[in-house]
Amino acid sequence: MSDCLFCKIARKEIPSAIVYEDDTLVAFKDISPQAPVHILIIPKAHCEGLGDLNPETAAAAARVTQVAARIAADHGVEASGWRLLSNCGPDSGQTVYHLHFHLLGGKPLGGRLCL
Ligand code: AMP
Ligand code: ZN
């Protein structure tokens, strides 16, 4: 999508700190990190979120857990632990409507998953 922020990052039309890339996924540091390790993993193909998957983005999303584990290891949080989550829709707090998974780690993340 031409006016989508994360499509532009995937196309490298705007700068980001990319930490991983393959044919269908790209991962980059969150611009406003909420933990020492806060990385966003996105499919290169556009979809709004987990409620909007198509065969191409579903196939990319299916690979995210494996890629997340590799990125977590690369960033030294394999043993200390990490969290992977994706917000979907208004009540989740989703602000960017291009599917993305937050990889968080590097500190105790707390037990609450919602307020
Ligand atoms: P969400 O609230 O789940 O939609 O998450 C969107 C995330 O994108 C937030 O954590 C933002 O800090 C992050 N973000 C927004 N703009 C950028 C950007 N240009 N580069 C990296 N991360 C961004
Ligand atoms: Zn997009």
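A salt bridge, as I use the term today, is a side-chain nitrogen of Lys or Arg within 4 Å of a carboxyl oxygen of Asp or Glu. Please keep in mind throughout that what we are looking at is a predicted model.

With that definition in hand, let us turn to Glu21 and Lys44, whose side chains meet in a salt bridge with an N to O distance of 2.9 Å. Glu21 lies in strand β1, while Lys44 sits in the loop between β3 (37-43) and α2 (55-62), so this pair ties together parts of the chain that are 23 residues apart in sequence. Glu21 also forms a salt bridge with Lys12, where the closest N and O atoms are again given as 2.9 Å apart. Through these shared partners, Lys12, Glu21 and Lys44 are joined into one network.

Are these three residues buried or exposed? The answer falls in between, because a residue counts as buried under 20% relative accessible area and as exposed over 50%. Lys12, at 48%, is therefore partly exposed, Glu21 is partly exposed at 36%, and Lys44 is partly exposed at 26%.

A search of the whole structure finds 4 salt bridges, and one that I have not yet mentioned joins the side chains of Arg11 and Glu13, with 2.7 Å from N to O. Here too the partners are partly exposed, Arg11 with a relative accessibility of 39% and Glu13 with a relative accessible area of 49%. In general terms, side chains of opposite charge can pair when their charged atoms come close.

Next, let us look at Asp22, which lies in the loop between β1 (18-21) and β2 (25-29). Asp22 has a relative accessible area of 15%, and it therefore counts as buried. Its side chain is joined to that of Tyr20 by a polar contact of 2.6 Å. If we leave aside its neighbours within four places in sequence, Asp22 is in contact with Lys44, Arg63 and Val67, and you will recall Lys44 as the salt-bridge partner of Glu21.

Now for the metal. Which residues coordinate the zinc ion (ligand 2)? They are Cys4 and Cys7, each through its SG atom, together with His46 and His98, each through its ND1 atom, at 2.0 to 2.3 Å. The angles among the 4 donor atoms run from 106 to 116°, and the site is tetrahedral. Along the chain, these donors follow the spacing C-x2-C-x38-H-x51-H. If we pick out Cys7 and His98, we see a link between distant parts of the chain, since Cys7 is in helix α1 (residues 5-10) and His98 is in the loop between β4 (82-85) and β5 (101-105), 91 residues apart. Both Cys7 and His98 are buried.

Helix α1 brings me to my last topic, the aromatic rings. How many aromatic pairs does a search of the whole structure find? It finds 1, and that pair is formed by Phe6 and Phe28, which meet edge-to-face, with 5.3 Å from centre to centre and 80° between the planes. Phe6 lies in helix α1 and Phe28 in strand β2, so the pair ties together parts that are 22 residues apart in sequence. Phe6 is buried, with a relative accessible area of 6%, and Phe28 is likewise buried, with a value of 3%.

Conventions: Residues numbered from 1 in each chain as written. Chains lettered and ligands numbered in written order. Predicted model: local features only at pLDDT ≥ 70, side-chain atom pairs only at ≥ 80, totals over all residues. Heavy atoms only, no water. Donors = N, O, S within 2.8 Å, 3.2 Å for Na, K, Ca; no water. Tetrahedral: all angles 85-135°; square planar, octahedral: opposite > 155°, others 65-115°. Helix = DSSP H or I, 4+ residues; strand = E, 2+ residues; numbered from the N terminus. Buried < 20%, exposed > 50% of the residue type's maximum accessible area, 1.4 Å probe, protein only. Polar contact = N/O pair within 3.5 Å; in protein donor to acceptor, adjacent residues only side chain to side chain. Contact = heavy atoms within 4.5 Å. Phe/Tyr/Trp six-rings, centres within 6.5 Å; stacked < 30°, edge-to-face > 60°.
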